[in-house]
Every structure is written in structure tokens, then in C-alpha cells.
Amino acid sequence: MTSERTAGRGPVLKIENLGVDFWVDGTWYPAATGMNYEVQPGEVLAIVGESGSGKSSSSMALLGLLPPNGRVNGRIEFKGRDISAVSASQLRKIRGEEIAVIFQEPMTALNPVYTIGAQIIEMLRTHKGMVPADARARTLELLELVEMPQPEVSIDKYPHQLSGGQRQRAMIAMAVSCEPALLIADEPTTALDVTVQAEILDLMRDLRHKVDSAIVLITHDMGVVADMADRIIVMKDGVIVEAGDVHTVFSSPSHEYTEKLLAAVPKLSVEIDAAEAEEARVSAEKPILTFEDVVIEYPKRGRIPAFRAVDGVSFEIRAGEVVALVGESGSGKTTIGRAAIGLLPVHSGTLEVNGTNIAGAKEKVLRDVRRDAGIVFQDPGSSLNPRLPIGESIGEPIMLAGKAKGAELQKRVETLLDEVELPRSYRNRYPHELSGGQRQRVGIARALALRPPLLIADEPTSALDVSVQARFLDLLQGLQEQLRFACLFITHDLAVVDVLAHRVLVMHKGVLVEQGVKDQVLRRPKDPYTQRLIAAVPVPDPVVQRERRELRAAGRQ
């Protein structure tokens with residue numbers, strides 16, 4: 001969709017027959033083939049597809065950011081100039097100054113030993129030739145532009161001292177510091193809470209109008225696409241299978257893969273679910289996890305004062321029940337999850353796991369209790385030992401607990417692989433040889449190895465593609481119904497909560513502000529914070545999402 005203000009001007013970016021290949025074991029493997037598209041000034045083009053579809057590889061190729069075993073062919077035209085064959089020094093000048101990138105994980109993209117202010121100042125001095133005082137003044141303006149809390153204080157903070165949303169704001173400030181003509185946003189909201197995500201999308205939308213940047217948005221979140229994009233490209237196996245106006249693609253997709261992708265998106269339903277029978281069945285089971293007026297504090301360290309992360313929280317989870325814990329970053333969700341398996345001490349209150357009170361318990365008691373609790377982490381890639389084959393990672397808890405060894409251990413590993421629907425041959429593969437969805441299945445197999453009565457799942461779907469996420473949720477539901485474990489599901493994705501949970505707990509600033517059955521919390525919320533949280537969820541429908549955004553904006557005025 002070309003706006004009136006951009007009519008008559010040429011495209012910022014024009015791609016002709018772009019191909020990206022990687023040299024692996026003596027063979028060139030194509031990651032992207034025959035790509036053709038263009039982006040106009042002030043336009044948002046969304047590139048969507050599953051992991052391995054070529055969306056990130058093709059976008060990093062534009063900036064010469066491929067690894068050494070990658071090669072690019074075709075024509076990359078930026079502002080009318082072919083940059084596919086320019087020298088490395090010329091490309092470095094274009095990067096940052098005229099084309100900028102917002103990376104998926106700002107913690108790995110920002111330098112941990114420099115303050116965020118120093119990093120933005122370096123950009124301005126390198127590309128704009130500013131003196132230090134002017135660069136610092138401009139950095140403060142940029143931090144105000146991205147609505148960073150207390151810019152004059154935040155400018156001197158290191159990345160680890162900021163929340164996820166604040167780090168992403170710092171990265172956006174750095175990306176737009178030189179007012180680039182093209183902004184490449186690679187999964188910019190994947191790990192963010194829905195309220196922070198809504199703020200970041202509003203921010204990117206405002207910046208697009210202020211500096212007239214074109215945006216290439218790489219994402220697997222169709223709600224974000226509906227909220228931001230003017231046009232959309234759908235990729236599969238390195239090829240563009242569908243392209244068009246966002247309204248047309250959402251309302252009447254022409255390719256079956258696009259239909260499948262849209263069908264896999266979990267949606268927050270507005271209809272009441274008839275779940276009374278299941279509720280009655282679960283309420284008859286015994287409690288597996290009980291919090292009773294639990295307080296958790298982080299002690300004073302040096303000049304950092306003591307901090308109360310969880311204040312007077314009470315709830316219980318019964319066998320066969322999935323309870324979702326939702327809230328923004330810093331609300332205390334992960335703190336509760338870590339305390340539930342004895343990784344954080346309880347300041348006061350009662351915390352029982354399978355009938356054992358672990359508040360103030362000795363290490364031996366905690367070790368025994370941890371065998372009753374499995375945990376699935378957000379990033380399975382970093383939670384699995386890269387040096388161990390998958391089979392050894394899954395079998396390790398069984399072996400350490402002394403439950404089986406030798407042939408019996410191998411048999412149990414094979415059973416667990418069957419349960420998470422992975423081929424038995426994968427037992428000899430290493431984590432880097434598996435996709436994100438497959439690694440997450442290994443994480444579940446490992447967590448369930450000792451058949452624990454309690455499973456803690458901490459944001460297990462946030463980094464997965466929608467189709468992989470749908471299969472993962474089906475798998476988890478099936479295992480939960482079969483094994484009847486209690487599950488605390490920590491997430492910021494309310495649509496996933498609607499698919500999976502029986503009950504919902506809502507945390508805000510360390511306090512449990514609302515809890516109840518799924519229908520009551522998601523469709524008839526009582527607390528203003530819960531209402532605000534649900535209103536911020538992007539809907540995978542461009543028309544509905546625009547109405548919701550306008551209503552939200554009107555409510556802020």
C-alpha cells in the first residue's frame with residue numbers, strides 16, 4: 001500500500017532474484033531462492049514464515065551479515081543504488097547510518113560492558129561526527145523519543161540493569177539514532193509482554209511517521225503483522241509463496257500454506273467455554289502445589305536495597321490441572337516458578353510441593369522435592385548441554401536418581417522419545433542438530449523423565465513459530481491428560497492460555513490481583529489491570545486490530 005506522501009517516489013529497497021546459499025559439508029544448500037519484492041518510503045512490509053523458511057537469512061544478506069559460509073546472488077537496490085557488490089567499508093557506512101536493524105534479543109546485541117548511553121553516543125560520533133556533549137544531548141532526546149523511563153538516569157545504566165522492554169527501547173533508540181531510510185526489525189517483540197509489546201509497536205508506528213522510515217518486519221506473530229503491516233510476504237522453504245496487501249492476504253489467502261499458517265494462530269476467544277465438568281473433576285484431586293500467604297524477598301546487596309518480589313500470594317494447583325500464571329516482566333511470575341522448585345528461599349508463608357512444606361527446608365529435603373517437579377525452560381537451546389547427545393540429556397535425571405541404568409535406562413529414554421513424538425534415532429543427535437520445536441520436545445521429555453507430579457513450564461512457547469507452537473500445545477495437552485500431572489504454565493501469551501489452561505492467575509507488581517477459572521478471567525475480568533492486559537493482546541485480523549488500537553489510544557487520552 002503506497003501512501004499519498006510517498007507517491008511518485010522510488011522504492012527505498014528493491015530486491016531482484018535474490019538467492020542465499022550456505023556451504024555445508026562440501027555442498028551449497030539454498031536458504032532463499034528467486035526473491036523479488038520492494039519497499040516504499042514509510043511502508044511496513046512483513047515477512048512471515050516458519051523457522052528455516054529463509055526470512056531472517058535473506059534479510060541479513062541485505063547488510064552483509066551472513067556467516068563466512070554464506071553467499072548471496074541477485075540484485076539488492078537501496079535508494080536506486082546496487083549495494084550487492086559494494087566494498088566492505090562502503091557497506092559498513094550504510095549499516096547503521098542508512099539501514100538499521102532491531103534484533104530479536106537486545107541482550108545479545110547490546111555490549112554488556114558499556115552503558116546504553118555510551119553505545120548510542122558511539123553510533124552518533126561514528127556516523128554523524130558529533131562532539132561528545134552534542135552526542136549525549138541527542139542520546140537523551142532519543143531515549144525520550146522511545147519513552148524510556150527517566151532518560152537522564154537510564155542513559156548511564158548497563159543492559160542488565162534494564163527490563164526486557166527497556167532494553168528493546170534502547171535498541172530502537174540506537175537503530176533510529178541516524179534516522180535510517182530502512183529499518184529491519186527481526187522479531188522485535190517475541191519475548192515481550194503484551195502490554196510492553198503494544199507500547200513498542202505504537203512506538204515503531206510513530207517513528208515511521210516521524211522519520212519516514214520504511215520497515216521490513218520479520219515475525220511469526222500474525223497479531224503483530226495485523227497491527228503493523230501494510231503488505232505481507234509469506235515464505236516457505238526459501239521461496240515466496242504469497243505476497244500482497246495485508247487485508248487481502250488475511251481475508252482471502254491464495255496459498256494453502258498461508259491458510260495453514262493463519263489457522264494455526266491461537267486466538268483469544270470471546271465465547272464462554274463449557275468447562276464445568278472438567279472443573280468439578282479437577283477439584284476432587286489432591287493439591288500438588290500450594291502457596292499460602294507466601295512472601296519472597298531478594299536481600300540487600302551493597303547499595304541495592306532489599307526488594308519484595310512476591311507479596312502475600314495464595315493459590316493451589318491440583319493433580320490433572322493446568323494453571324496459567326500471567327503478568328508483565330517484573331510482576332513476580334518467574335520468581336514464583338523458581339520458588340516452587342526450591343530454587344529461591346521463601347521469606348514467610350507456607351509453600352507445599354506434593355504435601356511437603358519447603359519454606360525454610362534443608363537442602364536434603366529440597367533435593368527430594370525437586371524429583372517431584374520438572375521444569376521446561378523458555379530457551380531449550382541454552383538449557384540443554386551442547387556436548388551431550390539428546391538420549392543422554394533425557395536419561396541423565398533417571399540415572400542420577402538411581403532409577404535405572406544400562407538397557408533399562410535406554411528403554412525408558414526410547415519411551416520418552418515416543419511420548420514427545422520424536423524418532424528414536426534422534427537419541428544420538430546433539431541439540432544444535434534439532435529445530436527449536438524439536439529441542440523444546442526434548443526439554444519436555446527430560447522434565448517428565450522421573451514422572452513428576454508437578455511440571456513448571458516457563459514461557460515454553462514464546463520463541464516458537466505458530467505452527468510449531470500449535471503442535472507443541474497439542475503434545476503438552478495430550479501428555480497432561482495421560483499422565484495427570486499438575487502444571488504451572490508461566491506465559492505472557494493469553495491466546496495460549498485460552499487453549500491450554502483450566503484456571504488463570506494474574507500477577508501485578510508482586511501481588512496476585514485476580515485468579516479464577518479461564519472463562520471468568522479472560523472474558524469477564526474484574527481487575528482493571530487484567531482488563532488492560534487483555535485489551536493489549538494483538539488480534540490476527542487487520543480490521544479488528546485497528547479498531548482495538550484506536551479504542552486503546554482513546555482510553556489513554
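In the predicted model, Ser 435 is located in the loop that connects helix H17 (406-419) with helix H18 (436-447). Its relative accessible area is 36%, so Ser 435 is classed as partly exposed, the class that lies between the limits of 20% for buried and 50% for exposed residues. Ser 435 is separated from Val 468 by 33 residues in sequence, and the C-alpha to C-alpha distance of this pair is 9.9 Å.

The largest nonpolar core comprises 52 residues, and the members touching the most other members are Ile 172, Val 225, Ile 232 and Phe 250. Helix H7 (residues 164-176) is the main contributor to this core, with 7 residues. Another core, of 35 residues, lies apart from it and includes Leu 416, Leu 434, Val 468 and Leu 500. With residues up to four places away in sequence left out, the contacts of Phe 250 are Met 222, Val 225, Ala 226, Ile 232, Leu 262, Pro 540, Asp 541 and Pro 542. Two of these contacts, Val 225 and Ile 232, are named with Phe 250 among the core members that touch the most others.

Ile 232 belongs to strand S9, where it stands opposite Ala 46. Strand S9 spans residues 231-236, and 5 of its 6 residues are buried. Two pairings of S9 were found. With strand S3 (residues 44-48) the pairing is parallel and runs over 4 bridges, whereas with strand S10 (residues 239-245) it is antiparallel and runs over 6 bridges. In the pairing with S10, Val 234 stands opposite Glu 242.

S9 and S10 form a hairpin with 2 residues between the strands, and Asp 237 in the turn has a positive phi of about 50 degrees. Gly 238 is also placed in the loop between S9 and S10. The relative accessibility of Gly 238 is 0%, so the residue counts as buried, the limit for this class being under 20%. Outside a window of four places in sequence, Gly 238 touches Ala 31, Ala 32, Thr 33, Met 35 and Ser 53. Between Gly 238 and Glu 77 the sequence separation is 161 residues, and their C-alpha atoms are 20 Å apart.

Four strands make up an open sheet with antiparallel pairing, in the order S2-S1-S4-S5. Strand S2 (27-39) and strand S5 (81-82) are the edge strands; each has a single partner strand, and therefore one side of each has no neighbour in the sheet. The pairing of S5 with strand S4 (residues 70-78) is antiparallel and consists of 2 bridges. Arg 81 in S5 is the bridge partner of Phe 78.

The cavity search returned 1 cavity of 30 Å³ or more. The volume of the largest cavity is about 30 Å³. Its lining consists of Val 176, Leu 183, Met 204, Leu 207, Arg 208, Val 211, Ser 213 and Ile 215. By class, 6 of the lining residues are nonpolar, 1 is polar and 1 is charged. Helix H8 (residues 194-211) supplies the most residues to this lining, namely 4.

Terms used
Residues are numbered from 1 along each chain as its sequence is written. This is a predicted model: local features need pLDDT of at least 70, side-chain atom pairs count only at pLDDT 80 or more; totals for chains, interfaces and linings use all residues. Side-chain values use heavy atoms; hydrogens and water are left out. Buried means under 20% relative accessible area, exposed over 50%, partly exposed in between (1.4 Å probe, protein chains only). Two strands pair if DSSP finds at least two bridges between them. On a 1 Å grid over the protein atoms alone, a cavity is a set of points where a 1.4 Å probe fits but cannot get out, and a pocket is an open set with protein on both sides within 12 Å along at least five of seven lines; lining residues have an atom within 4 Å of a point. Grid points are joined across faces, edges and corners, and a volume is the space filled by probe spheres set on the points. Ala, Val, Leu, Ile, Met, Phe, Trp, Tyr, Cys and Pro count as nonpolar, Asp, Glu, Lys and Arg as charged, and the others, Gly among them, as polar. A nonpolar core is a set of buried Ala, Val, Leu, Ile, Met, Phe, Trp, Tyr and Cys residues joined through side-chain atoms within 4.5 Å. Contact means heavy atoms within 4.5 Å.
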